[in-house]
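Reader: I would like a close look at one part of this model, namely the surfaces where its pieces meet. Please take me through them slowly and in a connected way.

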Amino acid sequence: MATPAEQLFSHPLTDFPDAQGHFGDFGGTYVAETLMASLEELRTAYERWRQDPEFIARFDADLSRYVGRPSPLYFARRLTEHAGGARIVLKREDLNPTGAHKINNTVGPALLAHHMGKKRVIAETGAGQHGVASATVAARLGMECVVYMGAVDVQRQAINVYRMRLLGAEVHAVDSGSKTLKDALNEALRDWVTNVDNTFYIIGTVAGPHPYPMMVRDFNSVIGREARRQMIADYDTLPDALVACVGGGSNAMGLFYPFIPDEGVAMYGVEAAGDGIDTDQHAASLCAGRPGVLHGCRTYLLDDDGGQITETHSVSAGLDYPGVGPEHSWLKDTGRAQYVGISDKEALDAFHLLCRLEGIVPALESSHAVAYAIKLAATMRPDQTVLVNLSGRGDKDVHTVATLEGIEL
Amino acid sequence: MSRIPAVFDALKQSGRTALIPYVTAGDPGVEATVPVLLAMAEQGADILELGIPFSDPMADGPVIQKACERALECGVDLSQVLAMVREFREQNQDTPIVLMGYMNPIERYGAQRLAKDAQAAGVDALLIVDLPPEEAGVLRQELAAAELDEIFLVAPTTTDARCAVIAEKASGFIYYVALKGVTGAGHADYSGLAEPINQLRRHTDLPIGVGFGISDAASACEVAAVADAVVIGTSLVDQLSQASDKAQAVAIAAQFIAPIRAALDEQSQLKTAASG
C-alpha cells in the first residue's frame, strides 16, 4: 500500500490545474516578470521532489512523528442532539501542534525549501497562525524566517507575534494599505522579488500564483484523505456533506479535494458574512464578489467599481481576506461545491455551543463551519452524516471573545 | 496608431537616448498631473509613463505605494486617468503616453472598452505589471485591434528562452528591469548591464528601455551607455510628493527633468563626436 505521502502527491482524482495553473478561467500566473523564473524553479522542484522516495519518506515521518497525524475523527454526540438531524462528526485539525491545519502546509514546503538549498523562508500572516507554523518548521530546519504581518494585526495579535519571536523568526509590521493580511501578502511578494535567489516563500493559503494553489492543496489534502479513510473505517460509508470555513480556503480545499470524485458527497464552503452579506462589512468573496486578479491569480474577490480591492471585515482574522483560492472559484462555478455565509454573531454562538456541549474551544474561523453544520444537519436525516473540518483551536481567540463579552482579562 | 516607433526613429537619427519619466496619475493632486506631464515633455521627456493607481501595487516600493494611496484618496480611477490623457492631448499631440498599472482595475473596466477608450483618449501603449505574456491573451487582441503597443518587462531573472517569447509578443519597446527588487530599491549596479541588454538584442530589434533604481543624471548616463531609453520613476515621485500645490509640482518636475536631459544629450554628443 502507498504511504500517506505517496497518496498525497499522486493526482488520480482530478486533472486540475492545467500545466499553466488554470482551473477553468481561474488561477494562472499574474505576477511581475522578476518572479516568473522563481515560480518555474518551484514548479520544477515540486514535480521532482514529490516523486522522490527520500523526500516522501521524510515528509511521512514528519507528518506522523512531528505533527502527530492522523488527527482523530470525532463524533460530536451532544452537538448532534442539539442540531436535531444528521450526525455531526468533527475532523480534529485543532489538535495539531501550533493549533491549526496550517502546520500541514509548512512542514512540506519547508522540506522542499531545504531540498532546494534555500536558506531563508518568508511568510505572510493574518492572525499569526501561519506565521507561527512557518516559524516552527524554520526553527526545526535551522532556516532564517521572516514573517510579514499587517501593523493592525501585530497590535491585535501580540501573543502570536511573541510566539514567532520565541521561535526565532523576525516579524515585520506592514504599514502600507489597510495594514492587514492582504498588505502582508503584498509585502512578502516584494521581499521575494528582492531576494529570489536564496528565499523560499511559504504562502499560507491556496491562493497566489501557480503552483501555490496546487501545492498548498496537495499538502493539506492529507486532511481529506485521512477523513475519507476514517469515515469508511468508523461508519462504513462516506459522509453526505462536508463543511469547512473559507478565507483563502486552504483547510476547505484540503478536506474537499479527495472527495471531489465522490458525487454523493455535498461540499459547503463557509465564508465570513461579518455584519451581513448585504452590508459592506464582510469577507465573503465567493458569495458576494466577482472574478478579478489579486496576488498572482484570477479568482473571485471583493473590489469596488474602479477595481480597487476593498477592505474586509470578520470577527475572525483568519477569514478576513478579500480574495480566495482559485480552485474554490472553479468549484463554485462548476457547481461542485456550494458557498454560504455565516455572520459574526452566528459564529460566536457556535463557538460558545461547542465549548459547552463538547468541551472543545474552537477557533473563530472554524466556528463559522460549526455554525453552518448545525443549520445543515437540522435539515437532514439522522442516518446521514455531516463532516466538519474543525480547522483550528480557539486559544488565540479567547481574548477577542472576552472583549466582545465586555470582560477584561 | 502608437507614436512610440516614430519617437525612437527620430532619436536614433540624432543619436540620443530617450528619457521616460513616470508619475502616478492624480499625485500630487488631480489638477497637477496634466500640467506636470506637459512640463516634462517641454523639458525634453520623450515618452511619458502614467501610473494607474491601484490599492495593492505589489511590484512597487514604498514611494509609489504612497503615491497610489494619495491618488486613491482623491478618488482617481481609470476613467479619470483617461480624461487626463485627453486633456494632455489638447496641448500635446506628439509625446507618447504609456499607461502603467495592474490588472484588476483594467479587468473591471473591461479589456475591449479600455482599448477603445485609451486609443480615443490618445494613449499609445499599456504596460501591465502583473500580466506576463502567458496571461495576456484577451487583452492582447484588443490592444492590437486598437493599434496600441503592449510593453512587456524583462528581468535579470528572465531566462533566454523567455526573452525570446517576450520579444516576439512585445511592441513599442522592451522594458528591462535593472534589478531584482521593487521600484525605488537601493541604487542598482549598472556595471554588468551591457551583457543582458546585448543578449536581449539578439532576440529583438525593438528599442530597449531600462528602469528601476535610476535616480539622477549620473545613473541615467550610466544606463544610457547601453540602453535606448532611461525610465525614472521613484525619485521623481518622491520629489513631487513635497509639492504643496500645482505650480510647485510643475516647477519640481521641470527642474528634475532638465538636468537629466542635458546630461544625456551631452553624453550622446560626446559619443557621436567620438564615433564621427
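**Where chain A meets its neighbours**

Author: Between chain A and chain B there are five salt bridges, and it should be said at once that they belong to a predicted model. One of them joins the side chains of Lys182(A) and Asp56(B), with nitrogen and oxygen 3.0 Å apart. Beside the salt bridges, the interface of chain A and chain B holds 22 residue pairs in polar contact, counting pairs in which both residues have pLDDT 80 or more.

On the side of chain A that touches chain B, the elements that give two or more residues are two helices, α2 (33-49) and α9 (181-194), and two strands, β11 (290-294) and β12 (297-301). Of these, α9(A) gives the most, with eight residues. When that side of chain A is sorted by residue class, it divides into 13 nonpolar, 14 polar and twelve charged residues.

As for its extent, the contact draws 39 residues from chain A and 34 residues from chain B. The area buried between the two chains is about 2,800 Å², and carbon and sulfur atoms give 49% of it. Within chain A, the residues that lose the most area to chain B are Glu33(A), Arg190(A) and Gln308(A), which together make up 24% of what that side buries.

A second surface lies inside chain A, which is divided into domain 1 (23-66 + 102-216) and domain 2 (73-99 + 221-404). The centres of these two domains of chain A, taken over C-alpha atoms, are separated by 23 Å, and their contact takes 36 residues from domain 1 and 34 residues from domain 2. Domain 1 and domain 2 of chain A bury about 2,800 Å² between them, with 65% of this on carbon and sulfur atoms.

Across this interface between the domains of chain A the count of salt bridges is zero, while nine residue pairs are in polar contact, again with both residues at pLDDT 80 or more. The side of domain 1 that touches domain 2 receives at least two residues from each of β2 (26-27), α3 (53-66), α6 (129-141), α9 and α10 (212-220) of chain A. Its largest share, five residues, comes from α9(A), the helix that also gives the most to the side of chain A that touches chain B. By class, the side of domain 1 of chain A that touches domain 2 has 18 nonpolar, 13 polar and five charged residues.

Note on methods
Residues are numbered from 1 along each chain as its sequence is written. Chains are lettered from A and ligands numbered from 1 in the order in which they are written. This is a predicted model: local features need pLDDT of at least 70, side-chain atom pairs count only at pLDDT 80 or more; totals for chains, interfaces and linings use all residues. Side-chain values use heavy atoms; hydrogens and water are left out. Contact means heavy atoms within 4.5 Å. Buried area is the accessible area (1.4 Å probe) that two parts lose on being put together, summed over both. A salt bridge is a side-chain nitrogen of Lys or Arg within 4 Å of a carboxyl oxygen of Asp or Glu. A polar contact is a pair of N or O atoms within 3.5 Å; within protein, one must be able to donate a hydrogen and the other to accept it, and residues adjacent in sequence count only if both atoms are side-chain atoms. Helices (H or I, at least four residues) and strands (E, at least two) are DSSP runs, numbered from the N terminus. Ala, Val, Leu, Ile, Met, Phe, Trp, Tyr, Cys and Pro count as nonpolar, Asp, Glu, Lys and Arg as charged, and the others, Gly among them, as polar. Domain bounds come from an automatic or database domain assignment.
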